[in-house]
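Here's a quick tour of a model, written for someone who likes to see distances and angles next to the picture. Have the viewer open and click along.

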Amino acid sequence: MKKLMFIIFAVLALLIGLYPLIYVFVDHKYTFLSSKAPEILNNPIWRFAFFCHIIFGSISLFIGWRQFGSGFRNKHKKLHRIIGKTYILSVIVSSLASIYMGFYANGNIVSSSGFVSLGIIWLLTTVLALLKIKKGDIIQHQNFMTYSYACTFAAVTLRLWTPILKHMIVTPGLSYLVVAWLCWVPNLMVAYFLNRRRFTKKDIVGPSPFKKANTEKIL
Ligand code: HEM
């Protein structure tokens, strides 16, 4: 069951990670870009932010899932570090762009604040995960990375919630306001329970989440 869940999680991350390729192959008038007002679309800063966001967002989603699961991590420590560094860099670029884009989001202050909050939490949890590993605090590094990827995974859950909300809420405008929050708040709750559960497992390193752990065993 756990393995099946992990496969579904990975497949969804890979598929949505590839989704922005539609901006290469599909005419922009048939994509999300056609929903933007001409003054936003013709703003070179917004366009630059948009492409930075989708390119680096895709990279983070596409590679980030591979960091979970101790088997792979323990076997390929060097690769874990390379993927980790690429993930952190991608999130920093994509999240900064997403915070800026959040102010121009479709909808109103509700959707804007949803995306801007997500962007800020995405950036903070990722930077905190980096700072924790620099100090050798593996437990807190794992915790913050779990929160970080829960934010990254919002790109997947947004696209899962959208058709469900379309059936439940008839007004598309209203469902966009809801999805701007629903795509990430439950993800962070799941991350919270995963982090808590990790402490009860026997393969966890270190007696307390607040103590420095043995780096060699887990990385
Ligand atoms: C996790 C934090 C994220 C935030 C805060 C965020 C924020 C945003 C915002 C504000 C927009 C524009 C919405 C509008 O103008 O109405 C957007 C669009 C978009 N984002 Fe993100 N995003 C995140 C993650 C990702 C990731 C990881 C990907 C990678 C697949 C991604 C791919 C896209 C795409 C492709 C669009 C264009 C809309 C579409 O084609 O469906 N985003 N994002």
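Which ring does the charged end of Arg 66 sit over? The ring is that of Phe 72, and the charged end of Arg 66 is 4.0 Å from its centre. Bear in mind that everything here comes from a predicted model.

**Aromatic rings**

Staying with rings, a search of the whole structure turns up 16 aromatic pairs. One of them joins Phe 9 and Phe 68 in an edge-to-face arrangement, with 6.2 Å between centres and 75° between planes. Phe 9 belongs to helix α1 (residues 2-18), while Phe 68 is in the loop between α4 (44-64) and α5 (70-75), so this pair ties together parts that are 59 residues apart in sequence. Phe 68 is buried, with a relative accessible area of 19%; that makes the grade because the cut-off for buried is under 20%.

Another edge-to-face pair is Phe 50 with Phe 51, at 5.2 Å centre to centre and 80° between the planes. What are the relative accessible areas of these two? Phe 50 counts as buried at 3%, whereas Phe 51 is partly exposed at 26%.

Zooming out a little, ring pairs also link up into a cluster made of Phe 6, Phe 9, Trp 65, Phe 68, Tyr 87, Tyr 149 and Phe 153. Both Phe 9 and Phe 68 from the pair above are members.

**The ligand site**

Now to the ligand, which has 27 residues around it. The closest are Tyr 19, Tyr 23, Lys 36, His 53 and Tyr 176. Which protein atom is a donor to the iron atom of the ligand? The single donor from the protein is NE2 of His 53, 2.0 Å away. His 53 has its place in helix α4.

Oxygen atoms of the ligand also have polar side-chain atoms of the protein beside them, and three such distances are worth putting in your notebook:

| Residue | Distance from its polar side-chain atom to a ligand oxygen |
|---|---|
| Tyr 23 | 2.4 Å |
| Tyr 176 | 2.5 Å |
| Arg 159 | 3.0 Å |

Tyr 23 and Tyr 176 also appear in the list of closest residues.

**Helix α8 and its contacts**

Next stop, helix α8 (residues 138-152), where Thr 146 has its place. Is Thr 146 buried or exposed? Buried, at 6% relative accessibility. Leaving out residues up to four places away in sequence, Thr 146 touches Phe 68, Ala 191, Leu 194, Asn 195 and Arg 198. Phe 68, the ring partner of Phe 9, is thus a contact of Thr 146 as well.

Ala 150 lies in helix α8 too, and with a relative accessible area of 10% Ala 150 is buried. With residues up to four places away in sequence set aside, Ala 150 touches Asn 187, Leu 188 and Ala 191. Ala 191 is also among the residues that Thr 146 touches. For a C-alpha ruler check, Ala 150 and Cys 183 are 9.8 Å apart in space and 33 residues apart in sequence.

**Helix α7**

Helix α7 (residues 109-134) holds Ala 129, which is buried with a relative accessible area of 0%. Which residues is Ala 129 in contact with, leaving aside its neighbours within four places in sequence? They are His 141, Phe 144 and Met 145. From C-alpha to C-alpha, Ala 129 and Met 145 are 5.6 Å apart, with their positions 16 residues apart in sequence.

Ile 121 is in helix α7 as well, but it counts as partly exposed at 27% relative accessibility. Once neighbours within four places in sequence are left aside, Ile 121 is in contact with Cys 151, Trp 184 and Leu 188. Leu 188 is also touched by Ala 150. The C-alpha atoms of Ile 121 and Val 11 are separated by 24 Å, and the two are 110 residues apart along the chain.

**Back to helix α4**

Finally, Ile 63 lies in helix α4, the helix where His 53 has its place. Its contacts, neighbours within four places in sequence aside, are Ile 83, Thr 86 and Tyr 87. Tyr 87 belongs to the ring cluster too. Ile 63 and Leu 123, 60 residues apart in sequence, are 17 Å apart from C-alpha to C-alpha.

Definitions and conventions: Residues are numbered from 1 along each chain as its sequence is written. This is a predicted model: local features need pLDDT of at least 70, side-chain atom pairs count only at pLDDT 80 or more; totals for chains, interfaces and linings use all residues. Side-chain values use heavy atoms; hydrogens and water are left out. Rings of Phe, Tyr and Trp (its six-membered ring) pair if their centres lie within 6.5 Å; planes under 30 degrees apart count as stacked, over 60 as edge-to-face and the rest as tilted. Helices (H or I, at least four residues) and strands (E, at least two) are DSSP runs, numbered from the N terminus. Buried means under 20% relative accessible area, exposed over 50%, partly exposed in between (1.4 Å probe, protein chains only). A charge sits over a ring if NZ of Lys or CZ of Arg is within 6 Å of the ring centre and within 35 degrees of the ring normal. Contact means heavy atoms within 4.5 Å. A residue is near a molecule or strand if one of its heavy atoms lies within 4 Å of it. A polar contact is a pair of N or O atoms within 3.5 Å; within protein, one must be able to donate a hydrogen and the other to accept it, and residues adjacent in sequence count only if both atoms are side-chain atoms. Donors are N, O and S atoms within 2.8 Å of the metal (3.2 Å for Na, K and Ca); water is not among the atoms, so sites may look incomplete.
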